[in-house]
Amino acid sequence: MNIVWIKKDCRVSDHPALLEASKKGPCVAVYVVEPDLWKQPDMSWRHYFFLKGALSSLHKHLAKRGIGLLIRKGSITAVLDQLLHQFKQISLFSNEETGNNWTYQRDKAVRKWANFRGVTWQEFPQNGVIRRLKDRDGWAKKWAFFMTQKIEDVLPQTPISSTQESFTFPSATKLGLVTETGHEFQQGGEDHALTKLTSFLNERGEHYSKEMSSPVTAYDSCTRLSPYLSFGCISMRQMYQLMKQKQDHIKKLPRPQRGGWAFSLQACLGRLRWHCHFIQKLEDEPSMEYQSLHSAYRHLDMYDYHEQVYQLWKEGKTGFPLVDACMRSLKVTGWLNFRMRAMIVSVGCHHLQLPWKVVAHHLATQFTDYEPGIHYSQCQMQAGVTGMNAIRIYNPIKQGYDHDPEGIFIKKWVPELVGLPKEHVCEPWAFDWNIAPPIVDEKISRQNAAKRLYQIRKTLDTKAETMSLLSKHGSRRKLHIKRSKNR
């Protein structure tokens, strides 16, 4: 029996492992709910909620092709032992995953199991991330080549009666997950992913490049496909090719009819490459999940912090209106646009002096689209601990004036400010509204954070290590510019 191990690839279209298994003969897909995975500090009920929708959709699409989907609970190696006992001889197929450290160690254990049992295990790349990459030279061209390859469909199978089991999920409560109520999370599934992409390409996406930064417009103008990419409900390649088709169509139109599509599609296609670019960093440096990329900053990883300050940040009660609106909306929707994500990380790490790992773990549980490679890379970048990226410390008051000048988003999520004039919403304490100021002084805390980071950056050892990190992880274009300046 050809076993397709489903991980974060809950789809039928452009599924390399499923395609190859279907070519080899009778196959069955299996998803293993692993209790220890759901005990990790970066996992939450909202992830499980989305996953169940994704697997239900996958079950439906596989059934149409005569392929069963088994849902098992336990360790993957124990489940594989059961399948080996049931079918006597198996081959294992799966797509590569760049997950958190727990899944990385789990995959190594499966490789050891397969070698010991004499089971063939084939893994397949499913996006532009390259395993065992020697260096970044030529990476962008390899990514582009992968994205343009023809997508093949899975071969239909004759249903196997021995795999027709009831489709049930283990209880979230028994996994230790606390059920969340009053949420507005997106639904998982391949059909939902395609619906979102279609609406973006035909309706919502025209002004993406102009409207993605403001939380007022981003909810509609962004693709909203990030959770579907994270759980593999749609492949990066399929998304890329459909966007390219739209782009080619737009280019053929008379210029007046193109509207804002040309700029928006180009911007979105660029971000698809960035998506893989950041995941590649974790693939090449798994320790990014639990320690600063640059060794000079590692003493900041877990320095002491005030628990009360942390709780106020989590609950959206810092006193910075835009920050609080973002944290409260995230709790309900499971999503924020990129600029707002960067701002809440920046405020947490710099203004409030929270360790980046504490910030990262909480936000991982909140983002439905949590993708470890992007998440930890971005958290470290915004915290200023990579040593090779520009130090950016966002002024949350200025961000409010820039991206929510009417106070629309702020008033929606911070209703205690509803009665204020729009021009006062971003800093109401400054206009005698009898509202307490933020829990820290914005200017002083920002200046102190910048001073601390720049003092570390000035050391000679830091500069030498920075160039080494750039050589390994940086984009080739940025590295070329850096080398030219050093000459």
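Me: How much area does the protein expose, and what share of it do carbon and sulfur atoms supply?

Reply: This is a predicted model, and every area in it is computed from the atoms. The protein exposes about 22,200 Å², and 52% of that area is supplied by carbon and sulfur atoms. Turning from the surface to the interior, buried residues make up 56% of the 487 residues.

Me: Which secondary structure elements does the protein have, and how many of each?

Reply: The secondary structure comes to 22 helices and 5 strands. The radius of gyration is 24 Å, close to the 23 Å that the globule rule gives for 487 residues, so the protein is as compact as a globular protein of that length. Taken along the principal axes, the C-alpha atoms fill a box of roughly 75 × 55 × 50 Å.

Me: What share of the contacts comes from residues 24 or more positions apart?

Reply: Among contacts with a separation of 6 or more, residues 24 or more positions apart account for 78%.

Me: Which residues of helix 1 are buried, and what covers them?

Reply: Helix 1 spans residues 16-24, and its buried residues are Pro 16, Ala 17, Leu 18, Leu 19, Ala 21 and Ser 22. What covers these buried residues includes strand 1 (2-6), strand 2 (27-33), strand 4 (91-95) and strand 5 (121-124), together with helix 3 (45-63) and helix 11 (236-251). Helix 1 is followed by Gly 25, whose phi is positive, near 135°.

Me: Where do residues other than glycine have a positive phi?

Reply: Two such residues can be looked at here, and one of them is Asp 432, with phi near 55°. The other is Asn 434, whose phi is also near 55°. Asp 432 has its place in the loop between helix 19 (408-413) and helix 20 (442-457), and Asn 434 is likewise found in the loop between helix 19 and helix 20.

Me: Are these two loop residues buried or exposed?

Reply: A residue counts as exposed when its relative accessible area is over 50%. Asp 432 is exposed because its relative accessible area is 74%, and Asn 434, at 81% relative accessibility, counts as exposed too.

Me: How many disulfides does a search of the whole structure find?

Reply: To count as a disulfide, two cysteine sulfur atoms must lie within 2.5 Å, and the search of the whole structure finds 0 disulfides. For Cys 233, the closest cysteine sulfur is in Cys 10, at 5.6 Å, which is too far for a bond. Cys 349 is in no disulfide either, since the nearest cysteine sulfur, that of Cys 379, is 7.0 Å away.

Me: Are Cys 233 and Cys 349 buried or exposed?

Reply: The cut-off for a buried residue is a relative accessible area under 20%. Cys 233 is buried, with a value of 0%, and Cys 349 is buried as well, with a value of 5%.

Me: Where is His 351 found, and which residues is it in contact with?

Reply: His 351 is found in helix 15, which covers residues 338-351, and at 2% relative accessibility His 351 counts as buried. Leaving aside neighbours within four places in sequence, the residues in contact with His 351 include Ile 393, Tyr 394, Pro 396, Val 440 and Glu 442. His 351 and Lys 331 are 20 residues apart in sequence, and their C-alpha atoms are 21 Å apart in space.

Me: How many positive and negative charges does the protein have, and how far apart are their mean positions?

Reply: The protein has 69 positive and 47 negative charges, and the mean positions of these two groups are 5 Å apart.

Key. Residues are numbered from 1 along each chain as its sequence is written. This is a predicted model: local features need pLDDT of at least 70, side-chain atom pairs count only at pLDDT 80 or more; totals for chains, interfaces and linings use all residues. Side-chain values use heavy atoms; hydrogens and water are left out. Helices (H or I, at least four residues) and strands (E, at least two) are DSSP runs, numbered from the N terminus. The radius of gyration is taken over C-alpha atoms; the globule rule is 2.2 Å times the number of residues to the power 0.38. Buried means under 20% relative accessible area, exposed over 50%, partly exposed in between (1.4 Å probe, protein chains only). Contact means heavy atoms within 4.5 Å. Accessible areas come from the Shrake-Rupley method with a 1.4 Å probe; for residues, only the protein chains shown count as cover. Lys and Arg count as positive and Asp and Glu as negative; His and the chain ends are not counted. The place of a charge is taken as NZ of Lys, CZ of Arg, CG of Asp or CD of Glu.
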